[in-house]
Amino acid sequence: MFLTGLASLHRLDADTSLLVNALSGAVDLVDNELRAQLLDIALGGRPNLRERYRRLLKQRGYLFAGEGGERAALQSMYEAYERITASRPIEFVVCPTYTCNLACTYCYQSDEVHAMPEVMTDSQVTDFYAALEAISSEHPDKSRQIILFGGEPLLPATETVVVGILDRAERAQLGVSIVTNGTHMERFASLLTSHRSILKSIQITLDGPEPIHDARRKGPDGRGSFAEVVRAIELCLDAGIPVNVRVNLDAHNLGSLEDLVGLLQQRGWTGRDGFRCLLAPVTDHVGTSTYAPMLREDQLVEPVLGLLRRRPELQDVLELHLFRVLHHLISVLQPHGQARSLPRFHYCEADRGDVYTFGPDGLIYICTESAGISEYAVGTYSPRYRLWPRRLRRWQNRSILTLPECQECNIATFCGGGCAYAALRQSGGLMHGACGDAPEVLRAYVAMLRRRFQQGELTLSAADAAN
Ligand code: SF4
Ligand code: SF4
């Protein structure tokens with residue numbers, strides 16, 4: 001009798017515990033007798049389990065005949081995961097420049113990378129498309145998507161490059177998404193409108209009502225960007241281009257989140273086709289940030305989920321996909337009628353092997369956050385294309401099945417092994433797990449379930465648990 005190492009027990013009250021299975025996604029209430037027996041099994045004991053419990057625990061993926069059975073179940077889930085995710089497009093991220101016209105208070109890009117004066121040249125755009133075709137030819141079944149990123153991709157200095165990229169993307173019928181601060185949208189509006197058919201989405205950051213946003217997202221002269229950002233969102237929506245508003249959350253703007261939602265509603269954006277609002281924690285993957293208002297993901301669990309509980313209608317407005325651990329936990333443990341998420345074998349697209357980032361330095365990177373730091377490049381595309389297989393493999397071999405630290409972790413399939421770039425910067429190599437806040441996020445989430453359970457707001461019935 002072998003209890004999966006991906007099970008964890010969390011007390012709800014003196015008599016009841018929550019049993020969570022990160023392998024199968026099952027969640028069950030157990031009494032103290034069964035709790036003690038499970039802990040005994042985990043320590044190698046052979047308690048006298050009631051037959052009904054034994055059958056249920058096997059059915060729900062907690063108990064196996066031996067460790068081999070658990071590994072086989074994990075491997076077969078991985079194969080199913082690979083089959084399902086095979087249809088994801090390859091993302092070709094292009095940074096026309098690493099520079100930016102804003103100096104946001106929490107920006108993760110280093111001053112050295114921001115200060116690089118380069119802008120991609122026309123011949124680099126040609127070389128980028130040659131590399132895109134070469135990489136695509138290795139994955140003939142995959143669709144392709146281009147993402148314009150930076151620095152800030154929409155600047156007066158990048159206009160010619162952006163025109164070149166969009167024109168060619170249109171000829172090849174490749175979808176394009178853009179991540180921008182929105183400050184030069186007025187200048188780019190007619191260009192984007194004329195390429196509307198290939199524009200999948202534009203992500204623009206809006207961090208709060210005017211005084212809050214302007215205190216965070218401002219130029220080097222201290223002038224805020226709220227007015228331009230609001231105008232940019234309206235221009236895109238009016239042109240029929242889908243807009244993802246991103247809100248970067250920390251202690252500075254958390255308290256104004258409700259007011260921001262009021263503003264989105266007042267402007268009539270929340271009811272418009274193509275409008276989405278994505279919340280994201282401000283993060284520090286390098287581990288050296290001195291930005292004081294930063295909150296860990298687990299510290300945001302109660303305030304954000306508390307707001308969604310108080311105002312359930314906002315669940316249709318605010319999306320949590322960028323809370324990488326919390327969103328996965330919710331989708332597994334409380335999917336609210338949506339399809340339950342797959343176990344997580346990778347943390348993000350960077351270690352799934354379907355993203356390549358191209359910079360104005362002629363180099364190819366994997367993770368967008370590493371772009372501009374040449375020692376993390378995995379190849380070159382200009383003046384000649386070449387991938388460096390050893391460097392590339394290190395990113396692409398990274399999963400909870402290959403990371404030594406993650407083998408014994410009972411939340412591995414909730415976490416996915418953590419941010420690869422954080423592992424690189426903080427542990428000195430990609431083949432380390434980067435736990436970050438993942439264990440604390442699970443604890444905070446269970447603590448919130450416990451409170452709701454104790455207050456009678458939440459009843460976990462056998463039927464909930466069996467879903
Ligand atoms: S590796 Fe980390 S920093 Fe890079 S894209 Fe993934 S989550 Fe972001
Ligand atoms: S990175 Fe840490 S928390 Fe995440 S799966 Fe690996 S050991 Fe577990």
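These notebook entries record what I looked up in a predicted model.

**Entry 1: ligand 1**

I began with the surroundings of ligand 1. I listed His285, Cys348, Ala350, Cys367, Thr368, Glu369, Cys419, Ala420, Tyr421 and Ala422 around this ligand. I then sorted this shell by class and obtained seven nonpolar residues, two polar ones and one charged one.

**Entry 2: ligand 2**

I turned next to ligand 2, which has 15 residues around it. I noted that Cys406, Cys409, Cys415, Gly433 and Cys435 come nearest to ligand 2. I also asked which elements give two or more residues to this shell. I found these to be α14, residues 412–415, and α16, residues 438–454. By class, I recorded eleven nonpolar, three polar and one charged residues around ligand 2.

**Entry 3: helices α5 and α6**

I looked up this pair because two packed helices are described by the angle between their axes and the distance between the axes. Helix α5 covers residues 122–137, and α6 covers residues 159–171. I recorded that the two axes come within 9 Å and cross at roughly 30°. Angles under 35 degrees count as roughly parallel, and I therefore describe α5 and α6 as roughly parallel to each other. I noted the crossing of α5 and α6 as right-handed.

I then asked which residues of α5 meet which residues of α6. From α5 I noted Asp122, Val125 and Tyr129, and from α6 Val161, Gly164, Ile165 and Arg168. I classed the residues of this contact as four nonpolar, one polar and two charged.

**Entry 4: Gln173**

I followed the chain into the loop between α6 and β8 (175–180), where Gln173 is found. Phi of Gln173 is near 55°, which I marked as a positive value in a residue other than glycine. I then asked whether Gln173 is buried or exposed. A residue counts as exposed if 12 or fewer other C-beta atoms lie within 10 Å of its own. Gln173 has 9 C-beta neighbours inside 10 Å, and I therefore entered Gln173 as exposed.

**Entry 5: cis peptide bonds**

I closed with two peptide bonds. The bond from Gly150 to Gly151 is cis, and I noted its omega as near 5°. I placed Gly151 in the loop between β7 (144–148) and α6. I recorded a cis peptide bond between Ser382 and Pro383 as well, with omega about 10°. Pro383 lies in the loop between β15, residues 379–380, and β16, residues 386–387.

How values were computed
Residues are numbered from 1 along each chain as its sequence is written. Chains are lettered from A and ligands numbered from 1 in the order in which they are written. This is a predicted model: local features need pLDDT of at least 70, side-chain atom pairs count only at pLDDT 80 or more; totals for chains, interfaces and linings use all residues. A residue is near a molecule or strand if its C-beta atom, placed from the backbone, lies within 6 Å of it. Ala, Val, Leu, Ile, Met, Phe, Trp, Tyr, Cys and Pro count as nonpolar, Asp, Glu, Lys and Arg as charged, and the others, Gly among them, as polar. Helices (H or I, at least four residues) and strands (E, at least two) are DSSP runs, numbered from the N terminus. A residue is buried if 20 or more other C-beta atoms lie within 10 Å of its own, exposed if 12 or fewer, and partly exposed in between; C-beta atoms are placed from the backbone. Axes are lines fitted to C-alpha atoms, for helices over the stretch in contact, and angles run from 0 to 180 degrees between N-to-C directions. Angles under 35 degrees count as roughly parallel, over 145 as roughly antiparallel, 65 to 115 as roughly perpendicular and the rest as oblique. A crossing is left-handed if the near helix is turned anticlockwise from the far one by less than a right angle, and right-handed if clockwise. Two residues are in contact if their C-beta atoms, placed from the backbone, lie within 7 Å.
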